[in-house]
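Me: I have a structure open here and would like to talk through a few of its residues. Could you take me through it step by step?

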Amino acid sequence: KAWYLVKEPRSVTLNRLPLKGVRIIDSTYVVAMPYACGIMTDLGAEVIKIEGPSHVDNTRGPADTSGRPDNEPGNDHWNRAMGFNEMNRGKRSLTLDLRQPEGRELFTDLVKVSDIVVENFTPRVMRRWELDYPNLKKIKPDIIMASNTGYGHGDGPYSPYPAQATTQEATHGHCHITGYPGDIPSKAGQSFVDFLSTWTGLLGIANALRYRNKTGKGQWVDIGMYQAGTYLTSEYLLDYISNGQEGQRIGNKHPWRAPQNTYPCAGDDQWCVISIGDDEEWKALCQTMGNPELAADPRFNTGLKRVKNQDDIDQLISEWTKQLDKFDVMEQLQSVGVPAGSVHDSKDMNLDPNYWAHGFLEKVTFPEDRGMGTRVLMGRPYRLSKTPLSIRRPAPKLGGENREILFDVLGYSENQYNELETTGIIGDRPTNPRPMPTMTMDDMVKAGRFKYWDPSYKEKLGI
C-alpha cells in the first residue's frame, strides 16, 4: 500500500479516489455499517458484502419499509428492496454460511487478501467462530477490523445485549428528553442513531487506515452505538453535572429561545419551524408579520417574558403562518435574518432543488435484467473540491458475484465452487424466502402506511 510514495502527475493524483485499492469485507446488516461501507465504495473501495443464504440482510426482506420500485415485488423481491439498494450501492455480493466450518474457512481465505473487516454481530458471535480481532490478526497482522455493536465489547454489563437504534434511544437518554410536557418519553421518528454510527464508523476506519499507512500495523475499531447517541444529549448531562438539574420534555420549545415551535401553514399538514434567539430576531419577525408594534408589547419585549408567554405568542404566529405556503414563510423570514425552515415530507425532499444542486441526490441506472430502471438514491452529505465522487454502480443481486470472487479473488477451482454450492455454503437466493405481501399504493394510504402517494412521481423525478 505504498502508492502514496510514488510521484505522479498532478492531474492523476487529484483524480485518484481516496480508497482505491482498499478491499473491505462487509459482514453487516440493516443501516449503520452497510451505509458506511456503501459510502466507501463511492470513495473507491472494493467492498464484498457477505450474507448467509439463510440469513440475508434484513433490509432485503418483506418487512423493509422502503418498498420496491413501482411497488412491484417481482420474482426476486429480495433483490428489489430499495432500502437495501440504497445502503449497499457499489458492492459485490458473496453469500457465505458462516455457521459452517467450510464457510468460516472461506472467510479466513478472504481475510488474507483484504484490508478491512466490518461486522455488527453481538460480541459473542465472532468470538465463538474464532473470527474476532485477536484471531484475525493472527491470519493477517495488518488487518483492520471495525465492530459495530449496541454497547461495545468488553466487560460492561450491557455488552452482550443485542440492540437496534429504535431501542437505543432509550438507553442513551434521548427518549427522556423527547416528547411533550407531562407526556410519556418518546423516540424520534426515524432511527437517526444508525446514521450517527455510520459517520462514527467512517471516522474510526479512516483513522485506522492512516495509522496503518504510518506504522504498517492494523487495529480494532470497537464502536458502541449508544455512546454515539449520547453525544446528542451532552448539554443535559452537563446540566446535571453542573447544576443537578434533569432535562425535561418540552415538545418543540427550547429552554431559552422563544418563540420556537412548529407552526401550521396553508394546506393539509403543512408546517414551518421558527426559532427566535434574541430581540432583533423578534423585531424582524413582528415586522414581517405586519405587526411591528407587537415587538414592544410588555408581555413579549424581553427574552424571559417571551419564554413565559410563549403560548400566547404561538397563537399570534399561527394566525399569520396558516395563511401562507410553508416555503413562503421560510423565505420571508430567512430574508430578514430569522431562523426558519419548512417541514419537508418525502416528496419535498426528493424534489428539493438544493439537494440536487449539491449532489446529494443521484440517479442510478440498474442493469436491464434487474427490471428496476433508473432510481434516485442519496449520495453523501459532503463534496470534495478536487475529487469528484458519485455512486459507482448499483447494489448487487444476492450472490451475484459468487463465482467472480471465488475464482478471481481467491483462485478457487470449479470443483471447489461446485462443492460449496452443493452443500449450501454459497447460493444466489435465500434458502427461506418469506412471501412478499402485496398491497396497492391506495390501499397502503388507507391503511395508514403512507399519507399519500403521487402517481406522477417518475415524471417529476425525471426517471
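Reply: Gladly, and one term should be settled before we start: a residue is called buried when its relative accessible area is under 20%, exposed when that value is over 50%, and partly exposed in between. Please also keep in mind that this is a predicted model.

Me: OK, then is Ile241 buried or exposed?

Reply: Ile241 counts as exposed, because its relative accessibility is 67% and the cut-off for that label is over 50%. The residue sits in helix 10, which covers residues 234-243.

Me: Which residues form a nonpolar patch on the surface with Ile241?

Reply: Leu237, Leu238 and Tyr240 join Ile241 in that patch, and together the four have about 450 Å² of accessible area.

Me: Switching topic, where is Asp42 found?

Reply: Asp42 is found in helix 2, residues 32-42, and it counts as buried because its relative accessibility is 1%.

Me: A buried Asp, then. What does Asp42 form a salt bridge with?

Reply: Arg89 is one partner, with the closest N and O atoms 2.7 Å apart, and Arg380 is another, also with 2.7 Å between the closest N and O atoms. Asp42 lies in helix 2 and Arg380 in the loop between strand 11 (374-378) and helix 17 (402-409), so this pair ties together parts that are 338 residues apart in sequence. Arg89 is buried, with a relative accessible area of 0%, and Arg380 is buried as well, at 3%.

Me: Why can side chains of opposite charge pair at all?

Reply: They can pair when their charged atoms come close.

Me: And what else does Asp42 touch?

Reply: Leaving aside residues up to four places away in sequence, Asp42 touches Leu17, Leu389, Ser390, Ile391 and Arg392, in addition to Arg89 and Arg380.

Me: How many salt bridges does the structure hold?

Reply: The structure holds 27 salt bridges. One of them is between the side chains of Arg92 and Glu46, at 2.0 Å from N to O. Arg92 lies in strand 3 and Glu46 in strand 2 (residues 46-51), so that pair ties together parts that are 46 residues apart in sequence. Through shared partners, salt bridges join Arg23, Glu46, Arg92 and Glu404 into one network.

Me: Last one: how many residues does helix 4 have?

Reply: Helix 4, residues 101-112, has 12 residues and reaches 17 Å from its first C-alpha to its last, close to the 16 Å expected. Among its buried residues are Gly103, Leu106, Phe107 and Asp109.

Conventions. Residues are numbered from 1 along each chain as its sequence is written. This is a predicted model: local features need pLDDT of at least 70, side-chain atom pairs count only at pLDDT 80 or more; totals for chains, interfaces and linings use all residues. Side-chain values use heavy atoms; hydrogens and water are left out. Helices (H or I, at least four residues) and strands (E, at least two) are DSSP runs, numbered from the N terminus. The expected span of a helix is 1.5 Å times one less than its number of residues. Buried means under 20% relative accessible area, exposed over 50%, partly exposed in between (1.4 Å probe, protein chains only). Patches are made of residues with over 30% relative accessible area and no salt bridge: like charges are joined within 9 Å, nonpolar side chains (Val, Leu, Ile, Met, Phe, Trp, Tyr) within 5 Å. Accessible areas come from the Shrake-Rupley method with a 1.4 Å probe; for residues, only the protein chains shown count as cover. Contact means heavy atoms within 4.5 Å.
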